[in-house]
Every structure is written in structure tokens, then in C-alpha cells.
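Colleague: Here is the chain I would like to go through with you. Please keep the answers short and state the cut-offs.

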Amino acid sequence: GSTALEGLYKPRSGEEKGVAAASNPLEQFEVQRAEMLKQPIRITSPQPRQQVMARVVDVIGNTQGVLRNVELTVHFNGTQQRITSDASGKFQVRLVMAAGQNTVKVCHAQACSEVAIDARIQPQALMATLTWQGRADLDLHVLTPSGAHCMHSRRSIANECSLDIDDVRGVNPENISIPPTSPKGNYRFSVVNYSGQPHISGVLTIYKAERLVETRRFVTTGGQ
């Protein structure tokens, strides 16, 4: 009798135990939940290796409801911008692409989501990107060799300069592009503290022929 019972209740092999554990809905849920808490950030648009035909791209994603109203860091083209997820854990940021391959990474602590974007656009002779931390309105300006002035009130001058993004809330970078057809000479980029808010940390990144050549960090004082 005992032999029959032992045979009836003989434990499964290790492999069979693994299958049984994997098929348990509660255990599956706990495993998936642990993975989600470890890496909650998901970039949903653009898709990996997606080709885009525009210089300005909206990067959209979510944190699966885990990171709500939390600061995230967006890394792109050798610089970074801080953004904040909304009350449901979603996030969105508008970025300017360089011609060719771009890598965008959104992080919180050690958790990151990364996407590669193939921008099929015309390479620029010069480009300047302004990022800053805090709710302030900083403006990016450029004076061209011909005396033309690109800024928020005059965003584009044919064959000379273009203000690709004008941000007033501090949630997107500002960017000015100089096309290959622009006049030769010196281009003077400057930052104006439009809101007059002091102690705002910012970074001005300069690219030449789509390559990062200079990074300048600054802290605003009161006034413009």
C-alpha cells in the first residue's frame, strides 16, 4: 500500500517543476510585476530603427504607471534634458534630430529605455541646442555674418538660419539650425533669460557638420 502511495505522490522532476511554476498565473504575474518595477520606462514612439523625414521629432512613452510625476532624464546627441512624467506616468519631449543615426535614451536612476532613430534629413553646417533645468523661459538667438537675427519673433530666414523649437516652459530644448547654403563667416549664438528667473542651470551645445564640437554650461542671473 505504501509503495503504491509513494508512486502516486512521487515529486516531479526539476524540469517538470519549472513548467508547473511557469504555468502558475499568480507566479507569472509576480515575475512580470518585478520586471516592470525594475524597468518601467517604455519609449512607444518612434519605433526602434524607425526612419523619419523631419528634423523635429516627438518622443513619446510611458512608465507603466510606476513613475508618476517623476523627473526623467532624456539623453540625445551628446546632451541631455530633464522632463517630468505626468500623473499617469506618461511622458513626451520634442527633440531635434541630426542627419543619420540618432540614439535617444530616457532614464530614471538605473532604469532606461533606448531607441535608435534614422533621420533622413539634410545635414546642417551648424546647429546649436539649448537645454536647461527648471521652469523658466530661456531663448536661443543667433546673429549671422550678414547681420540676420534668428530668434523667437523671427524663427526662419531663408538660407541662413532656422529656430526649430521655441520652448516657453522648460520642458523641451531649443534649437537653431544653420544650413549648408548659409553665408560663410562667424555665427554668434546667445541665450536670453526672457523670464528673468535667476539660478537656472543651462547648457549650450554646438554642432558642426552634425558633430558635437563645443559644450558651454551656465547659470542665469536675475533679469535678461
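Colleague: Which residues line the largest pocket?

Modeller: This is a predicted model, where local features need pLDDT of at least 70, side-chain atom pairs count only at pLDDT 80 or more, and totals for chains, interfaces and linings use all residues. Residues are numbered from 1 along each chain as its sequence is written, and side-chain values use heavy atoms, with hydrogens and water left out. A pocket is an open set of points on a 1 Å grid over the protein atoms alone, where a 1.4 Å probe fits, with protein on both sides within 12 Å along at least five of seven lines; lining residues have an atom within 4 Å of a point. The lining consists of Ala125, Leu126, Ile178, Pro180, Ser182, Pro183, Lys184, Gly185, Asn186, Tyr187 and Lys208.

Colleague: How much space lies in the largest pocket?

Modeller: Grid points are joined across faces, edges and corners, and the volume is the space filled by probe spheres set on the points. For the largest pocket this comes to about 220 Å³.

Colleague: Which strand gives the most to the largest nonpolar core?

Modeller: A nonpolar core is a set of buried Ala, Val, Leu, Ile, Met, Phe, Trp, Tyr and Cys residues joined through side-chain atoms within 4.5 Å; the largest has 22 residues, with Val74, Leu95, Met97 and Val104 making the most contacts inside it. Strands are DSSP runs (E, at least two residues), numbered from the N terminus. At least two core residues come from each of β3 (56-62), β4 (71-76), β6 (90-96), β7 (100-108) and β8 (111-119). The top contributor, with 4 residues, is β8.

Colleague: How many residues are in the other core?

Modeller: It lies apart from the largest one and includes Leu126, Ala128, Ile200 and Ile206. Its residue count is 20.

Colleague: Is Ala148 buried or exposed?

Modeller: Ala148 sits in the loop between β10 (138-143) and β11 (149-150). Beyond residues up to four places away in sequence, Ala148 touches Val142, Leu143, Ile157 and Glu160 (contact: heavy atoms within 4.5 Å). Buried means under 20% relative accessible area, exposed over 50%, and partly exposed in between (1.4 Å probe, protein chains only). Because its relative accessibility is 12%, Ala148 counts as buried.

Colleague: What separates the C-alpha atoms of Ala148 and Cys161?

Modeller: The two residues are 13 residues apart along the chain. Their C-alpha separation is 8.4 Å.

Colleague: What percentage of the chain counts as buried?

Modeller: The chain has 224 residues. The buried share is 39%.
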